[in-house]
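Q: Please take a close look at the sheet of chain A and describe how its strands and neighbouring helices are arranged.

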Amino acid sequence: MTPMTNKPVRILILEHDPDDIELLQRELRKGGLEYVSTLVHESRTFEKELKDYNPDIILADYTIPGFDGVAAFNIKKESCPDTPFIIVSGTIGEENAVELIKAGVTDYVLKENLFTVVTKIKRALKEATEYREKKEQAKMLENYARELERSNQELEEFAYIASHDLQEPLRMIGSFLQLLQQKYEAKLDKEANEYIYFAVDGAARMKCLIDDLLNYSRINRDQTIKPVDLSVIINEVLSNLSASINETGALITISNAPVLNADPVQMLQLFQNLIGNAIRYRKEGTRPEINIQAWKEETHWLFAIKDNGIGIESQYSEKIFVIFQQLHGKAENKGTGIGLAIAKKIVVRHGGKIWFESAPGKGTTFYFTIKSENI
Amino acid sequence: MRPIEILLVEDNPGDALLAKVAFENSRSPINMHFAVDGMEAIDFLSKKGRFSDAITPDLILLDLNLPKKSGIEVLIEIKADDQLKVIPVIILTTSDAEQDILMSYKLHANSFVNKPFGFESFSEIARSIEKFWFGVVKYPKHD
């Protein structure tokens, strides 16, 4: 990577005075710098050598008849912006030098201090290498980020198309199994009917999975932000969940439901998933009590959905938001493992965060935030 | 009483069979006619080619996703025809996209129904259609 360690340093020297050239070369040799160099003293050859010689560093006199260090620097800035450029001059004043550094010149060496030139070259090369490496790293990171974004998009697109196109054949399987069940139940024996039952049940569960997967992949696809009255949304959720609310006798209280800017369909999904979970994971023999609360904070709305259910162990705090992760076995479970992943994606899509506080047996409170300035 | 004539425009033979069986359980006698794409649907309705002695249906069940001529195109043609426009058209599709629903009603579809999951739901829909379109509502007589 560092030219100083492998190869001799390639120096492009812009100087017209033979004495000065001699002095400079002597100083470079004295400083123990392993180098090769080429000399130019006017604009055209300078420009040409920048390309052909491809120097690691440029040493330029400040004043050359018909050409000067500043003009040379401007040319260099165009064609090889990252190559260090050191002005060597007997005439340059401190003030000019400061201006040049500000303009981007790497360093300057006064002719009376010519013995410092090698130190300055080494430092400039070291800095240039570091800069180049940092730039490469940044570019690499940028590429990774872009790649990741692209593959994420591809995955989402895949999930959408797959779940969308799977609906049709699954509908056929489910419908004809049901038809078989309905028309031939009496003609088939117990065993055959049991087989059909498992097939029908499997198709129905797969339908829930595909629906959820489709909803999940739609979150970033379709979003319409508009003012949403959450009390209306929550009422709709309660009506959608009325079967399980009636069955379990769940008591749901709403302390505060604001109007905010959000996607109404996604808000419905979010509240339905969280309230639905609170009912689904109720404690055996205890009437589910669920409270919905909201607070306005500086940049966000903070929501809390508190239940008295079975609770979640803290070790699962990250895992439960990952798609297809379930804490319960197939037999006891009634969910698809996508609900909380959908909830999280919706919250993130609305500039917020989601987390929970819980102790096993003591119920769970899900918290989430929604940015109040969603546009 | 003459049987009710229903034209089902559907390219999926599975769905066509489900619809046929679902309507078999209906109270009134129903004759189902089938068109497998948009072109056939138009030929049937305009009694062209092999449909020269086709009957004018009392109701049209129209899928949106059809080969050759889409359901939307068929709908436009039906509703632009002075004779055909009085026949109720029920869109029967897997699509629940808001724009498809809106577009269908803007083009004067008479209702929009999603293909259900499961035969039982299909039967329920068939019963609702029969009850509403051939029990509740009145519309002009043709022929």
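A: The following account concerns the sheet of chain A.

This is a predicted model, in which local features need pLDDT of at least 70 and side-chain atom pairs count only at pLDDT 80 or more, while totals for chains, interfaces and linings use all residues. Residues are numbered from 1 along each chain as its sequence is written, and chains are lettered from A and ligands numbered from 1 in the order in which they are written.

In chain A, five strands form an open sheet with parallel pairing, in the order E2-E1-E3-E6-E7. Helices (H or I, at least four residues) and strands (E, at least two) are DSSP runs, numbered from the N terminus; two strands pair if DSSP finds at least two bridges between them. E2 and strand E7 (107-110) of chain A each have a single partner strand, so one side of each is left without a neighbour in the sheet. From one strand to the next, the twist averages 20° (angles run from 0 to 180 degrees between N-to-C directions, with axes fitted to C-alpha atoms, for helices over the stretch in contact).

At one edge, strand E6 (residues 85-89) of chain A runs parallel to E7(A), joined by four bridges; here A:Ile87 stands opposite A:Tyr108. Helix H3 (residues 43-52) of chain A packs on the sheet and touches E1 and E2 of chain A, its direction making about 150° with that of E2(A); contact requires C-beta atoms, placed from the backbone, to lie within 7 Å.

Strand E1 (residues 9-14) and strand E2 (residues 35-40) of chain A are parallel and share six bridges, with A:Leu14 opposite A:Val40.

Conventions: Contact = placed C-beta atoms within 7 Å.
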